[in-house]
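Trainee: I've got a new model on my screen and I'd like to learn to read it properly. Can you walk me through it, feature by feature?

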Amino acid sequence: MLRNILIRLLQAVLVLLGAALLVFIMLRIIPGNPAAVLMGEHADTAVIEKMTKELGLDQPVHVQLIHYLAGALRGDFGTSYSLGKPVSQLMASAFSNTLILALMASAFAWLVGIISGIIAAVKKNSILDHLFMGVSLLGVSMPVFMAAMVLQFFFSYKLKIFPIAGTQSFAGFILPAVALGWNSAGSVARLVRSTLLEILEEDYIDTARAKGRRQMGVLILHAMRNAMLPVITMMAIQLSGMLSGAVLTETIFSINGIGRLAVQAITGRDIPLLQGTVLFSAALVILGNFLADSLYHVLDPRIRKEA
Amino acid sequence: MKLPNRSRQIAEEFEKRQQEQENKQQESKQQANREYLKNQIAEEETFFTLIRRLARENKLAVVSFFVILLIILGAVLAPILAPYSFSDMDLLHRLNPPGAQHLLGTDEAGRDILTRLLYGARVSLLTGVVPTVMSMVIGAILGVISGSYGGWLDALIMRLADIMLAFPSMLLAMVIMYMLGDGLINVFLTLALVNWASVARIVRAQALQLKKTEYVEAARVIGVSRTKIMFRHLLPNCLPTLIVLFTLNVPSAILTESSLSFLGLGLQPPAASWGLMVNAGRQYLYMAPWVSLVPGAAIMVCVLAFNFLGDGLRDVLDPHLRK
Amino acid sequence: MLRSERAGGKTLEIRHLNTSFFTMKGEARVVNDVSLDVYPGRITGIVGESGCGKSMTARSVMGLVKYPGKVVGGEILLGGVDMAALSEKERCALRGSEISMIFQEPMTSLNPLMKVGRQVEETIRIHEKVTRAEARERTEAMFTQVGISDAGQRMECYPHQLSGGLRQRVMIAMAMILKPKLLIADEPTTALDVTVEAQILRLMRSLCDSGTSILLISHNLGVIAQVCDYVYVMYAGRVVEQADTFTLFDHPVHPYTKGLLKAASSIRSDAARLDTIPGVVPDLLHLPPGCSFSPRCEQCMEQCVKEVPDMTFAGAQDGPAGLSAHLVRCFLAGVPPKGDGI
C-alpha cells in the first residue's frame, strides 16, 4: 500500500512538473517583449533593454526555465510586474481569503448536498425528491456569476442583510460562499442520491435491517458509510478546485483571493503573477486528486488489500 | 518407392492443412463480417428507436430537445424575428424595464434586449457547438490512438491529458485566452484545448474495453490493420458515448465562454454573446436588473436544456457513463 | 379461541398471509393466502420454483418487504405476538433477537466496509446494553460454535477476505448470536459449492437440535430432503401441498409436487431425457381464475379452471409426532393415489 502511494505521489510530482513546463511555455509564446509591453508604447529602447536585462528576459529560454523552477522550489515565484511585490507574498495573503471562502462554500455544499441527497433517496419519487432534484439541476446549470448576482441583488440590495462586497466582516463571506457552493451542492446532492439508491438495494442493507437496526441506524451506519466513498472523492476534488481560486465569485464580491489575483495578473499583463497563481492552482488540484485517491484507498478495505 | 510416396503424403497433408487454415480464415472473416453487420444493424435500430425510447423514459429530455430547437431557430431567424435592429441605439429609452414596447426591456444604450438576445444566441450556440466538436474530434482521435496502440504513445497522450486536467478549467482558459489574444476563433480554440483531455480519457477507456470484445479480436486475427480497426470498429462503437458527451460538453463550453466574457477576457464588444451582455449590464444591476439577469437566465435555460437532454440520452444510450 | 391458545406449541404461525406488489400494471399477489406453521426444534422447509413467493413469505415475516411490495393482510404470530400488527419500532426490537434471517448471497450480504466481527457484535449491541469487550467475547465464542477456526483472527477480517462458506458461517453467527426462537434461512446454500453446502446444512441441523426452530427456503429438493422435518410446496404465491418430509417424498399428491420430484430425480439418475414440467409459471398479475397450476397440469379437469381448490386432507387427519397432517390444494386429493411414489 505504501509503495502504491509512493508511486502515485511520484506521478503527481511529474504531472506538476509538466504543468509548470506547460504554463512556462504558454506564457513565453506570446509575441512581443514583455518588458516593452510593461514600459508602455513610448518607452525608450535603452530603458526597455535595461528592463529586459533586469527581468532576466535576455537569457535563453531554458536558462529562464531552470531559474524559474529553482526559484519555485524555494517558494520564490519572482516579483509581480504590476504590484511590485514578491508573487509568493501576494499569493500568501490572498490564499487566506480563498481558504475561508472555499471552506465555507464546501461546508454549505456538503451540508445541503448530502442532506437533500439523502432525503431525496429515502423518499424516492416523492414531491420532495422531485423538488430537490429539480433545484439541484438548477444549481448545476446556473452560471456562478448568475447565482452571485441574484444573491447580491436580493440579499444585499433589496433586503440589505449582507454587505454587497468586500471581506471586512465575516458576514461578507456568506453570500459568496453560497454562490460558490450552490453549484457543488447540486452535484453532491445528485451523486449522494444516485449512490444511495444503488446501495439501498444491496443485500447487506437487508442484513442490517434483519439485525434489528432501525431505519435511521441502517441509513447512517450502513448505507451512508458505503455511499460516502464516491462522495468523498468528489468532495475532495471540489474543495481543491475551490481552493485554487474561485475566479468569478471572488471577482464579483471583490474578495482578494487567488482567483482575483489571476484576473488582475491578466489585466495587468503580469506574467510572473499569472504564472505563480496558475501553478499554485494546478498544484492544489493535483494534491486534491492525490489525496482523494489515497483517501479512497484508506477507506475501502477491498482496494486496500488489492493494492 | 516409399520415399516419394511419403513425400506426396506430406505434400497432400500440407495442402490439406493449408486448405483447412484458409477455410478457417474464411470462416472467421465471414463471422467477423456477420458480427460487424449485426452490430451495424443494431446501431441503426437504436438510432431509429432512440427518440421513441427517450420519449417514453424521459419526458423532460424531450421537452429540453424542443427548447434547444427553439433556441436554434431563434438564433437562425434572428434577423426576421428581432423586433428592432441589433445595434441601433436609442438614448431616450435607456434601461427601460420590460414592457409592451420592449418585451424584455432595453440596455444601457437603449438597445432592445430581446433583439440582442436573439443575436447573442448565435454567438453563444456557436461557442457551445464549434469548440465542443473540435475537442471531441481531438479527444476521440487521441483517445482511440492511446487505447489501441498503448505503450509509450499511450503514456505520452495520457500524461498530457493529466497535465491539462491538473488546471482548474477556468484558469486554464484564461491563460490560453491570454496567450492567443481576443477574437471568436481564439475563443473556439481555447475552449477546444481546455476540453479535449477529458474526452480523450473516456474514449481511451472505452477503446480498451472494446479491444477485448470478440469481434475486434476476430478482425485482428484475420489481419485487419490497426488503423482500420481503430476507425472501423473502435470509433464507431464509441459513438453513443460521444453523443452523450457532446450534449454534456456543449453547456459547459457555453458556461465557460460566458464566464470568460463576463470577466472581460473572452469576446469583446461590439460582439454580442450572452455572457458579454451579462457583463455589460452588471454595473446597472441595482437600477435595471433585467439588463444582466435576462441574458443570464437565457444562459441558464440553455444550459439546463442541454443537461436534461444529455442526462436523458445517457440513460438511454450509455448507462455505464453514469457516475 | 385465544391467541396464545391457538399458537400453542408452535414457534411461528402464519395465518392467511397476503403480500402484494403494487406495480404500474396492477397488483401482483406474490403471497396469496399462505398459512404455515413452524414447530419448535424442527426445520420446516418451503420449496418451489423461483418467483413462487417463498422468499416473499420470509420477508413478510421479517417485515422486510421492499417497496412497492406490502403485506396486505393476515397474521404472523411469533410466540403469540402478531408481527404484522406491530409498529416498525416494535418489530425492530424482535428482529435479530427473537427472529433472524440469513440470505442467499453470502458474498453481498455483509457490509464490505466493516470487519465481520464488528458486524456480529453490532447485533448484540443493538439489543443489549453490553460493553464492547463482552460483545467481542460472545462473538468469538459464537464464531467457534459455528465452526470458524481462528475465531479471534477471523473477526478482524473484512468480508472480501473470507470464502463464501466462511461468510455464510459469519451470517449464521450473526443471526444466532442472541439465540432467537426462529431462524429464517433463505436459500442459504444456493451460492455455495456442494461440499460447503453439506457442512452448512449440518451446522443448521445442529443449531436446530439446540433449540432454535428453522424455516428453510430452497428451490433444491435435495437440500429440503436432507434436513427438513416438514415441507410446504409453494406455487404462484400459494401453498399447494404440505406434509412431513417422508410423506411428501413418498406419496406426493399434487401434480406440481410430483412434477418437481420427477424433474429432480431425472437429473439424479442421469436419465437420457430430462423430465421437466411443461409450460411456465403464470404471470402473477393475471392469475388464472381456478387452480394456478391448471394451465400446466396434465390432469386438469373442468373444475380446476373455474375455482381455486381448498386445502384438503390427503390422508390421515393427524400428522406424525405432533406435526401437521398431509394437506393438498388439489381436487384430485380425494382420488386415491395410483402408486405414484418415486
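Mentor: Sure, let's start with chain B, whose elements, taken from the N terminus, run α-α-α-α-α-α-α-α-α-α-α. Keep in mind that this is a predicted model.

Trainee: How many helices and strands does chain B have?

Mentor: Chain B has 11 helices and 0 strands. Of its 323 residues, 44% count as buried. Look at the contacts too: among those in chain B between residues at least 6 apart in sequence, 72% join residues at least 24 apart.

Trainee: How do I read the interface with chain A? How many residues of each chain are in contact?

Mentor: Interface size is often quoted as the accessible area lost when the parts come together. Here we count residues instead: 33 of chain B are in contact with 37 of chain A. On the chain B side, the elements giving two or more residues are α5 (151-166), α6 (169-180), α9 (226-262) and α11 (290-317). The largest share, 8 residues, comes from α11(B). By class, that side of chain B has 25 nonpolar, 5 polar and 3 charged residues.

Trainee: And the contact between chains A and C, how many residues does it take from each?

Mentor: It takes 18 residues from chain A and 26 residues from chain C. On chain A, α9 (203-210), α10 (215-243) and α14 (301-306) each give two or more residues, and α9(A) gives the most, with 6 residues. The classes on that side of chain A are 3 nonpolar, 4 polar and 11 charged residues.

Trainee: How far apart are the ends of α10(A), and what would a straight helix reach?

Mentor: At 1.5 Å a residue, a straight helix with the 29 residues of α10(A) would reach 42 Å, but the end C-alpha atoms are only 37 Å apart. Now look along the helix: α10(A) bends by about 45 degrees at Met224(A).

Trainee: What does the same check give for α7(C)?

Mentor: The 13 residues of α7(C) should span 18 Å, and its end C-alpha atoms are 18 Å apart, which agrees.

Trainee: Is α7(C) enclosed or open to the outside?

Mentor: The general idea for a helix is that it has 3.6 residues a turn, so residues three or four places apart point the same way. In this case, 12 of the 13 residues of α7(C) are buried, so the helix is largely enclosed by the rest of the structure. Among the buried ones are Gly165(C), Arg167(C), Arg169(C) and Met176(C). The buried residues of α7(C) pack against β6 (99-102), α4 (116-127), α5 (132-145), β7 (182-186) and α8 (194-209) of chain C.

Trainee: What about Ser163(C), where does it sit?

Mentor: Ser163(C) is in the loop between α6 (151-154) and α7 (164-176) of chain C. It has 13 C-beta neighbours inside 10 Å, so it counts as partly exposed. The C-alpha atoms of Ser163(C) and Pro106(C) are 9.0 Å from each other, although these residues are 57 apart along the chain.

Trainee: On to sheets. In what order do the strands of the 8-strand sheet run?

Mentor: Strands of a sheet pair through backbone hydrogen bonds, either parallel or antiparallel. This open sheet of chain C has the order β6-β7-β8-β3-β9-β10-β12-β11, with mixed pairing. Its edge strands are β6 and β11 (312-313), each pairing on one side only. For the parallel case, take β6(C) and β7(C), which pair over 4 bridges; Ser100(C) has Leu183(C) as its bridge partner in β7(C). For the antiparallel case, β10 (238-244) and β12 (327-328) of chain C pair over 2 bridges. There, Glu241(C) is partnered by Val328(C) in β12(C).

Trainee: Which residues lie on the two faces of β6(C)?

Mentor: In a regular strand the side chains alternate between the two faces of the sheet. In β6(C), Ile99(C) and Met101(C) are on one side and Ser100(C) and Ile102(C) on the other; all are buried, so both faces are covered.

Trainee: Which strands lie at the edges of the other sheet in chain C, the one with 4 strands?

Mentor: That open sheet has the order β2-β1-β4-β5 and antiparallel pairing. β2 (26-38) and β5 (81-82) of chain C stand at the edges, each with a single partner strand, so one side of each is left without a neighbour in the sheet. Helix α2 (54-62) of chain C packs on this sheet, touching β1, β2 and β4 (69-78), and its direction makes about 105 degrees with that of β1(C).

Definitions and conventions:
Residues numbered from 1 in each chain as written. Chains lettered and ligands numbered in written order. Predicted model: local features only at pLDDT ≥ 70, side-chain atom pairs only at ≥ 80, totals over all residues. Pairing = 2+ DSSP bridges. Contact = placed C-beta atoms within 7 Å. Axes fitted to C-alpha atoms, helices over the stretch in contact; angles between N-to-C directions. Buried ≥ 20, exposed ≤ 12 C-beta atoms within 10 Å, placed from the backbone. Nonpolar A, V, L, I, M, F, W, Y, C, P; charged D, E, K, R; others polar. Expected span 1.5 Å × (residues − 1). Bend = angle between axes of the 7 residues up to and from the residue.
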